[in-house]
Amino acid sequence: MSVHEELTSVQRCLDDLIRSVGRLEKEMGSGGLEMRRVRADTNHLRESVALLRETAPAVAASQRRPDLVTISDTPYDPSLWVDTDDEGLGARDRRAP
C-alpha cells in the first residue's frame, strides 16, 4: 500500500473514532474529566494526521528510487588511459614499488 492509501485509511478510521466519541459524549455528557481527555486525544490525533498528510508528499518523494543509468558493454576508448597509472602497480614504464 502506498503512503497516500495508508493515510486515507487512517483518516477514515479517525473519522469513525470521532463520530463514536461524539455519540458517547452525547450519552455520557461532556462534563467528566475522562470524556474531556478522550475528546482532547481525538483532537490531537486529528491534528497529527493532518500534519502527516502535509509532509507525506515530501517523504514519499525522498524515498523514490533514483533513475537507473545504463552502462554500455562496449570497451572504453584506449586513448582515455594514455599517461595513467595502474592502481597499485604504478606507471607503465616503471617497476612497481
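Start with the whole chain on screen: among contacts (heavy atoms within 4.5 Å) between residues at least 6 apart in sequence, 49% join residues at least 24 apart. Before you click further, know that this is a predicted model, in which local features need pLDDT of at least 70 and side-chain atom pairs count only at pLDDT 80 or more, while totals for chains, interfaces and linings use all residues. Residues are numbered from 1 along each chain as its sequence is written, and side-chain values use heavy atoms, with hydrogens and water left out.

**The overall view**

Switch to cartoon. You'll find 2 helices and 0 strands; helices (H or I, at least four residues) and strands (E, at least two) are DSSP runs, numbered from the N terminus. Now try a surface. The protein exposes about 8700 Å², with carbon and sulfur atoms supplying 56% of that area; accessible areas come from the Shrake-Rupley method with a 1.4 Å probe, and for residues only the protein chains shown count as cover. Of the 97 residues, 12% count as buried. Here buried means under 20% relative accessible area, exposed means over 50%, and partly exposed is in between (1.4 Å probe, protein chains only).

**Helix H1**

Select residues 3-28, which make up helix H1. How far apart are its end C-alpha atoms? They are 37 Å apart, which agrees with the 38 Å that 26 residues should span at 1.5 Å a residue; the expected span is 1.5 Å times one less than the number of residues. Next, colour the buried residues of H1: Leu 7, Gln 11, Leu 14, Ile 18, Val 21 and Gly 22. As a rule, an α-helix has 3.6 residues a turn, so residues three or four places apart point the same way. Just after H1, click on Gly 29, which takes a positive phi of about 90 degrees.

**Where H1 meets the later chain**

Zoom in on Leu 7, in helix H1. Leu 7 counts as buried because its relative accessible area is 11%. Leaving aside residues up to four places away in sequence, Leu 7 touches Leu 52, Arg 53 and Ala 56. Select Val 49 too: Leu 7 and Val 49 are 42 residues apart in sequence, yet 7.6 Å apart in space, C-alpha to C-alpha.

Now hop over to Thr 42, in helix H2. Is Thr 42 buried or exposed? At 3% relative accessibility, Thr 42 counts as buried. Show its neighbours: not counting residues up to four places away in sequence, Thr 42 touches Leu 14, Leu 17, Ile 18 and Val 21. Add Asp 15 as well, since its relative accessible area of 30% makes Asp 15 partly exposed. The C-alpha atoms of Asp 15 and Thr 42 are separated by 9.5 Å, with their positions 27 residues apart along the chain.

**Two salt bridges**

Turn on side chains. In general, side chains of opposite charge can pair when their charged atoms come close. How many salt bridges does a search of the whole structure find? The search finds 2, where a salt bridge is a side-chain nitrogen of Lys or Arg within 4 Å of a carboxyl oxygen of Asp or Glu.

- Asp 16 and Arg 19: the closest N and O atoms are 2.3 Å apart. Both residues lie in helix H1, 3 residues apart, about one turn of the helix.
- Glu 25 and Arg 39: here the N to O distance is 2.7 Å. This pair links distant parts of the chain, with Glu 25 in helix H1 and Arg 39 in helix H2, 14 residues apart.

**Last stop: a nonpolar patch**

Go past helix H2 (33-62) to Ile 71, in the segment that follows. Ile 71 counts as exposed because its relative accessibility is 64%. Add Val 69, Tyr 76, Leu 80 and Trp 81, and you have a nonpolar surface patch of about 620 Å². Patches are made of residues with over 30% relative accessible area and no salt bridge; like charges are joined within 9 Å, and nonpolar side chains (Val, Leu, Ile, Met, Phe, Trp, Tyr) within 5 Å.
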